Amino acid sequence: MSMNVVESGKIIGAEVLGVDLAGPLEMSTFAELERHFYDRSVLCIRDQDLSPEALVNFAGRFGEVDRHFLSHYTHPEHANVLIISNIQENGRDIGYADAGRVWHSDGSYLQRPVGVSMLYAIEVPEENGQVLGRTQFASAWAAYDGLSDALKARIDGLEAVHQVAGRRKAIGTGQQRDRVIHEQQPEAIHPLVRTHPYTGRKYLFVTKGECQRVNGMDVDEGLSLIESLADEIPRPEYRYVHNWRVGDLLMWDNRAVQHLASFDYQWPKHRRLMHRVTVSEPLP
Ligand SMILES: [Fe+2]
C-alpha cells in the first residue's frame, strides 16, 4: 500500500489514503505523515479500522497522550479515550455531546495545552445523502500573518488568562454537572502570540470563549482586543471544512488551527459516535 496525500485546495487540510494505522507503521511512513501534518495543520486519514488501543498507540507517537477532565465521558476501559457522542442510553449521554460550540483550540485553558487532537469516526449522521456534524477549521498562523505590523507590535509580549468555563457561561449549553466541573478548573496564562515548536510559525492563541482578560490591561480593553483578534481567525480564506466519513481519523494541530463543531444533527433521529485522543504540547 502506498501513501497518497491529496491537499484540500485551501491553505490547511489534506486527505491521506493508503495508510493502515492499525498495522505496524514504518518509521519512514510515520515521518512522512508527520511532515504532511505539520505542513497542512489538519489531516484526514481515511478508511481506518482502529481499536481504542490502536488509536492511543498512534497518538502516542506524537507525544504524551493526556486525559480529559470530564472523566465520566471517557471510555470505560481506556481512560485516554474520550467518547464524543450524541447517543443516549437509559436516558443518559454515553459521551460528551456538547464539545466545540465556539471557535477554540483544545485545552487552551490548560497549563500545558493540547498539541495534537485526533477524532476517529465510528458513526456519522447523514440526512438525504448529506453529511451532518461537519467540523470547521481555521488557520491561526494565517490570521497572525495577516495582521498589520502595528497590531503585531501592539500585542507582542501580551498574555491572556484562559478558563474553560468561559464559553460555557457565555452560551449556557451542556449538562449542569459538566458546567459545575468546568467552573472548578484552574486558569492558565498564555501569550496572545505563540511560536510553533516545529514549524517556527507565529500564531494567534486567543479565543472569545476561554480568554477572560489580558494581563496588565483594563478588563474591557483586554476583552475588546481579544474579540478583535479572535475574529481574524475564522475568515473564509483561512478555513477548511471537514465532511466526515465512517473510518476517518481526523487529526489537527491546535497550535496551527482553531475549530468549530456543528450541531445540525439531533438525537434520536441521528447518531454520531467518535473516539477522541489528545496529545499534550511538549514540555518547554
Ligand atoms: Fe475541540
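**Exercises on a sheet and two cores**

In this predicted model, Ala188 of S12 is the bridge partner of His162.

**Exercise 1.** Find the strand that pairs with S12, and state the sense of the pairing and how many bridges it has.

Solution. Start from the bridge between His162 and Ala188 in S12. Strand S11 covers residues 159-162, and it pairs with S12 in the antiparallel sense over 4 bridges.

**Exercise 2.** Work out the strand order of the open sheet, and explain why S12 and S15 each have a side without a neighbour in the sheet.

Solution. Step one: the open sheet has 3 strands in the order S12-S11-S15, with antiparallel pairing. Step two: S12 (188-191) and S15 (211-214) stand at the edges with a single partner strand each, so one side of each is left without a neighbour in the sheet. Step three: from one strand to the next, the twist averages 30 degrees.

**Exercise 3.** Identify the strands that helix H7 lies across, and give its angle to S15.

Solution. Helix H7 is made of residues 219-230. The strands it lies across are S11 and S15, and it runs at about 120 degrees to S15.

**Exercise 4.** Describe the largest nonpolar core and the contacts of Leu229.

Solution. Step one: the largest nonpolar core has 50 residues, and Leu229 is among those with the most contacts inside it, as are Val42, Phe137 and Trp244. Step two: helix H3 (residues 140-145) gives the most to this core, with 5 residues. Step three: leaving out residues up to four places away in sequence, Leu229 touches Leu147, Leu151, Ile155, Leu192, Leu204 and Val206. Step four: a second, separate core has 28 residues, including Phe37, Tyr38, Val81 and Met251.

Technical notes: Residues are numbered from 1 along each chain as its sequence is written. This is a predicted model: local features need pLDDT of at least 70, side-chain atom pairs count only at pLDDT 80 or more; totals for chains, interfaces and linings use all residues. Side-chain values use heavy atoms; hydrogens and water are left out. Two strands pair if DSSP finds at least two bridges between them. Axes are lines fitted to C-alpha atoms, for helices over the stretch in contact, and angles run from 0 to 180 degrees between N-to-C directions. Contact means heavy atoms within 4.5 Å. A nonpolar core is a set of buried Ala, Val, Leu, Ile, Met, Phe, Trp, Tyr and Cys residues joined through side-chain atoms within 4.5 Å. Buried means under 20% relative accessible area, exposed over 50%, partly exposed in between (1.4 Å probe, protein chains only).
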